[in-house]
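Visitor: I would like to go through this structure step by step. Please show it first.

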Amino acid sequence: MASAFLTTATTPTSLSFTSSSIFLSSHQFHIQKFNFPILPLTAATTSLSISCKASPIPVLNFSGEKVGESFLDLRSAPPSTARAVVHRAVVTDLQNKRRGTASTLTRAEVSGGGRKPYPQKKTGRARRGSNRTPLRPGGGVIFGPKPRDWSVKINRKEKRLAISTAVASAASSAVVVEDFAAEFAEKPRTREFIAAMKRWGLDPKEKAMFLMTEVPENVRLSSRNIGTLKMHTPRTLNLFDILDADKLVLTQGAVDYLNQRYGADYLGSDDEDEEEEDDYEGDEEGAVDGEEGTATEDSDVVN
């Protein structure tokens, strides 16, 4: 199937929940219009995605100096369907995180209530057959929650398209940095990490997401006390954190991974997607079981 290629001269619109035109009503806000060539709707020209090459992204070193440029050439959903694709993927991720263990007791399950509290007549009060009625404190719950499975399914290609669309849209607020793991080789330093963020044009009080091919231990310890920062690898990359972040920070290895994994020429198989999902679930469980509450030396907590 042929794909339409779009080269944008201006920075694309962000997909964040607060500022994106994709998640806002057109009755109250101005929606940017995109002009595409009108092609005949044939089997050869109909496509669900387009290849979008964003504007060049500056590459900064650890000192904050520009040393080059990088590009993100990702497969992106057309503007007419981008909102629906991203919304469906976000809802799927959030619903699949629900445990579904909430449970309440009905009047048949609450203990007690076997004896009639008082006679039916001659008391001047409303008739009552049980103390466990939902109308009294301690009684059962009407139509309360019961354990259920909230999980929903989404096509792997659709989920992959939603992530690539979100990353392509967030390219306007993205910055590429050189590998800085060697700067924290001796010991973790949160203060130095915050100083590096400021040199890269990042506000420690704004939400930022780092995407690295591998997160060294000292880098993880240096950044874990910064509450507005999230550090991800390709196995833990998720759509919600991409949309929730105000700034997107990538390493050159992460850019190469995104162009290869979510580019227009990707020819991966479903087996790779299954392995990636299994690894992501394993990382989430390990992160929950292996969390530590100790703070690093010379760490500054940013609220």
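**Aromatic rings, cores and strands**

Guide: Ring pairs join Phe62, Phe180, Phe184, Phe193, Trp200 and Phe210 into a cluster. The model is a predicted one.

Visitor: How many aromatic pairs does a search of the whole structure find?
Guide: Rings of Phe, Tyr and Trp count as a pair if their centres lie within 6.5 Å. With that limit, a search of the whole structure gives a total of ten.

Visitor: Are the planes of Phe180 and Phe193 stacked, tilted or edge-to-face?
Guide: A pair of aromatic rings is described by the distance of the centres and the angle of the planes. For Phe180 and Phe193 the centres are 6.0 Å apart and the planes are at 65°. Planes over 60 degrees apart count as edge-to-face. The pair of Phe180 and Phe193 is therefore edge-to-face.

Visitor: Where in the chain do Phe180 and Phe193 lie?
Guide: The pair links distant parts of the chain, with the two residues 13 residues apart. Both Phe180 and Phe193 are buried. Phe180 is in the loop between β6 and α3 (190-199), and Phe193 is in helix α3.

Visitor: What kind of pair do the rings of Phe184 and Phe193 form?
Guide: Phe184 and Phe193 are both buried. Their ring centres are 5.8 Å apart and their planes are at 45°. Planes under 30 degrees apart count as stacked and those over 60 as edge-to-face. The angle for Phe184 and Phe193 is 45°, so the pair is tilted.

Visitor: The charged end of which residue sits over the ring of Trp150?
Guide: A charge counts as over a ring only within 6 Å of the ring centre, with a limit on the angle as well. One such case is Arg261, whose charged end sits over the ring of Tyr262, 5.3 Å from its centre. Over the ring of Trp150, 3.7 Å from its centre, sits the charged end of Arg98.

Visitor: Which element gives the most to the largest nonpolar core?
Guide: In soluble globular proteins, nonpolar side chains tend to be buried together. The largest nonpolar core here has 32 residues, and Leu72, Val167, Leu237, Leu239, Leu250 and Leu258 have the most contacts inside it. Elements that give two or more residues to this core include α1 (79-96), α2 (156-169), β9 (247-251) and α6 (252-261). With five residues, the element that gives the most to this core is α2.

Visitor: How many residues are in the other core that lies apart from it?
Guide: Among the residues of this other core are Phe193, Phe210, Met212 and Ile226. Its number of residues is 20.

Visitor: Is Leu161 buried or exposed?
Guide: Leu161 lies in helix α2. Its C-alpha atom is separated by 9.2 Å from that of Leu74, 87 residues apart along the chain. Buried means under 20% relative accessible area. At 12% relative accessibility, Leu161 therefore counts as buried.

Visitor: Which residues is Asp93 in contact with, leaving aside its neighbours within four places in sequence?
Guide: Asp93 is found in helix α1. At 16% relative accessibility, Asp93 counts as buried. Leaving aside its neighbours within four places in sequence, Asp93 is in contact with Lys159 and Leu239.

Visitor: Why is β9 largely enclosed by the rest of the structure?
Guide: One residue of β9 can be followed in detail: Leu250 touches Leu72, Val175, Val176, Val177, Leu211, Val255 and Leu258, not counting residues up to four places away in sequence. For the strand as a whole, β9 is largely enclosed because the number of its five residues that are buried is four.

Visitor: Which residue stands opposite Leu250 in β9?
Guide: β6 and β9 run parallel and are joined by four bridges. Ala174 of β6 stands opposite Leu248 in β9. Ala174 and Val176 point one way from β6, while Val175 and Val177 point the other way, and all are buried. The residue opposite Leu250 is Val176.

Visitor: Which residue stands opposite Val177 in β6?
Guide: β3 and β6 run parallel, joined by two bridges. Opposite Val177 in β6 stands Leu60.

Technical notes. Residues are numbered from 1 along each chain as its sequence is written. This is a predicted model: local features need pLDDT of at least 70, side-chain atom pairs count only at pLDDT 80 or more; totals for chains, interfaces and linings use all residues. Side-chain values use heavy atoms; hydrogens and water are left out. A nonpolar core is a set of buried Ala, Val, Leu, Ile, Met, Phe, Trp, Tyr and Cys residues joined through side-chain atoms within 4.5 Å. Buried means under 20% relative accessible area, exposed over 50%, partly exposed in between (1.4 Å probe, protein chains only). Contact means heavy atoms within 4.5 Å. A charge sits over a ring if NZ of Lys or CZ of Arg is within 6 Å of the ring centre and within 35 degrees of the ring normal. Two strands pair if DSSP finds at least two bridges between them.
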